[in-house]
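This briefing sets out selected features of the structure shown below. It is arranged by topic, beginning with aromatic contacts and then turning to the sheet and the helices that pack on it.

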Amino acid sequence: MCNFANEMPKTLSALHHLVLGILDIVMPRTCPVCGTTLTMTERHICLTCLAALPRASFHLNPYNRISTQLLPFCADTRAACWLFYSSPSAVSDIVHTLKYKDNPDLARYMGARCAEELADDGFFRATDIIVPVPMHWFKKLRRHYNQAYEIAMGISHVTGLPVADVMKARRHASQARLTRSQRGYNAVAGIYSVSDRAALRGKRVLVVDDITTTGATLRAVAASLRRDCPEIAGIDVLTLGVTENI
């Protein structure tokens, strides 16, 4: 019985690889950036494209422009943005795929890869809990998932930190549909709220989103957290991407 129990994980792993091999023959997986067929050891993005993505490394500078923008709401905030985002680019191709092409697994994968790199620099050392930027229920119904939540789950898988989906959003115009001049704190101020204060009390919160452009969404979420849950210990932010010029 003991030998059988020990062999089960190996058998399941072999079957898993066999199924993946068959699926790769029938429906080859391709990299969303370069279009090449992925190997058995590659997931979602080929290793060449993953290595070539432009790192922003904002977490290495405690006074980066995102943390500075958040000063009115969180004096000791830490801001991390993993990649530089521009359009068109490899990063925009990935973000478009994970947001609009029904691919939550890619969002989790990118969150995990981001977490692996930032964890090496100790970014998550003070974090207690992860809070994804919320999505209005109607938009989530159309898209089937909130990409910020899926990214947060990928980060959780690597770090072991819990994810608390405890914020709500009122319906509002998507920041992606606004011009640069229209994007701003006033466009999203007041649309977010905390639905479970107890879950965040005394915790240092890490707010997670996909892309930040003007930083308006992050400021609105931070302001809502301070307003609805003043007992939190601190607020940090993390996004997969940041535009090179805000």
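**Aromatic pairs, sheet and helix packing**

Three aromatic pairs are found when the whole structure is searched. The model is a predicted one. The points below describe two of these pairs, a charge placed over a ring, and an open sheet of four strands.

**Aromatic contacts**

- The ring centres of Phe-58 and Phe-84 lie 6.1 Å apart with the planes at 80°, so this pair is edge-to-face.
- Distant parts of the chain are linked by this pair, as Phe-58 belongs to the loop between helix H2 (47-52) and helix H3 (65-69), whereas Phe-84 lies in strand S1, 26 residues apart.
- Phe-58 has a relative accessible area of 8% and is therefore buried, the limit being under 20%.
- Trp-137 and Phe-138 form another edge-to-face pair, with 5.8 Å from centre to centre and 85° between the planes.
- Trp-137 is exposed, because its relative accessibility of 60% is over 50%.
- Phe-138, with a relative accessible area of 28%, is partly exposed.
- A charge is also placed over a ring: the charged end of Arg-78 sits over Phe-123, 4.6 Å from the ring centre.

**The sheet**

- The four strands of the open sheet follow the order S1-S6-S5-S2, and their pairing is parallel.
- Strands S1 (79-85) and S2 (129-132) each have a single partner strand and stand at the edges, so one side of each lacks a neighbour in the sheet.
- On average, neighbouring strands of this sheet are turned by 20° against each other, direction ignored.
- S1 runs parallel to strand S6 (residues 234-243), and six bridges join the two.
- Leu-83 has Gly-241 as its bridge partner in S6.

**Helices on the sheet**

- Helix H4 (residues 90-100) packs on the sheet and touches S1, strand S5 (204-212) and S6, with its direction at about 110° to that of S1.
- Helix H9 (residues 216-228) also packs on the sheet, where it touches S5 and S6; the direction of H9 makes about 160° with that of S5.

**Surroundings of H4**

- The buried residues of H4 are Val-91, Ser-92, Ile-94, Val-95, Thr-97, Leu-98 and Lys-99.
- Their cover includes the strands S1, S5 and S6 together with helix H5 (104-119), helix H6 (137-143) and helix H7 (147-159).
- Asp-102, just after H4, adopts a positive phi of about 50°.

Key. Residues numbered from 1 in each chain as written. Predicted model: local features only at pLDDT ≥ 70, side-chain atom pairs only at ≥ 80, totals over all residues. Heavy atoms only, no water. Pairing = 2+ DSSP bridges. Axes fitted to C-alpha atoms, helices over the stretch in contact; angles between N-to-C directions. Contact = heavy atoms within 4.5 Å. Buried < 20%, exposed > 50% of the residue type's maximum accessible area, 1.4 Å probe, protein only. Phe/Tyr/Trp six-rings, centres within 6.5 Å; stacked < 30°, edge-to-face > 60°. Lys NZ or Arg CZ within 6 Å of the ring centre and 35° of its normal.
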